[in-house]
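Here's a quick briefing on a helix pair and a surface patch. Have a look at the model first, then read on.

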Amino acid sequence: MKGKDKVLSVRLENDVYEKFKEFCQERDLPASLLARHIIKDWVKQQESAKKQDWHIRRLTAMMNSFDSFINNIKEKINDL
């Protein structure tokens, strides 16, 4: 892992903090390690969703172009 050079401060409700702390202690996990993994996983999910959105938009645009192409052909056939 690269060096860590950013700090993130998060304000939590007391009950959420206590449950998180308890969860970490039960599993002998440092809270900061678990928080980093949660954030990394979330960022990966967002990147994946962004890529999927781009592909969906691209496919939709291609389908619209194809529909326009087919409609143009139909019009030309009707004009004959």
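Helix α2 is the biggest giver to the nonpolar patch on the surface, supplying three residues. Keep in mind that this is a predicted model. The notes below cover the patch, then the way the two helices pack.

**The surface patch**
- The nonpolar patch is built from Leu8, Val10, Leu12, Val16, Tyr17, Ile39, Trp42 and Val43.
- Taken together, these residues expose about 770 Å² of accessible area.
- Both α1 and α2 chip in, each with at least two residues of the patch.
- One of the patch members, Tyr17, sits in helix α1.

**How the helices pack**
- Helix α1 covers residues 14-26 and helix α2 covers residues 31-79; they pack at an angle of about 105 degrees, with axes 9 Å apart.
- Because angles of 65 to 115 degrees count as roughly perpendicular, α1 is roughly perpendicular to α2.
- On the α1 side, the contact uses Phe20, Phe23 and Cys24, while α2 brings Ala31, Leu34, Ala35 and Ile38.
- Sorted by class, that contact has seven nonpolar residues, with no polar and no charged ones.

Notes
Residues are numbered from 1 along each chain as its sequence is written. This is a predicted model: local features need pLDDT of at least 70, side-chain atom pairs count only at pLDDT 80 or more; totals for chains, interfaces and linings use all residues. Side-chain values use heavy atoms; hydrogens and water are left out. Axes are lines fitted to C-alpha atoms, for helices over the stretch in contact, and angles run from 0 to 180 degrees between N-to-C directions. Helices (H or I, at least four residues) and strands (E, at least two) are DSSP runs, numbered from the N terminus. Angles under 35 degrees count as roughly parallel, over 145 as roughly antiparallel, 65 to 115 as roughly perpendicular and the rest as oblique. Contact means heavy atoms within 4.5 Å. Ala, Val, Leu, Ile, Met, Phe, Trp, Tyr, Cys and Pro count as nonpolar, Asp, Glu, Lys and Arg as charged, and the others, Gly among them, as polar. Patches are made of residues with over 30% relative accessible area and no salt bridge: like charges are joined within 9 Å, nonpolar side chains (Val, Leu, Ile, Met, Phe, Trp, Tyr) within 5 Å. Accessible areas come from the Shrake-Rupley method with a 1.4 Å probe; for residues, only the protein chains shown count as cover. A salt bridge is a side-chain nitrogen of Lys or Arg within 4 Å of a carboxyl oxygen of Asp or Glu.
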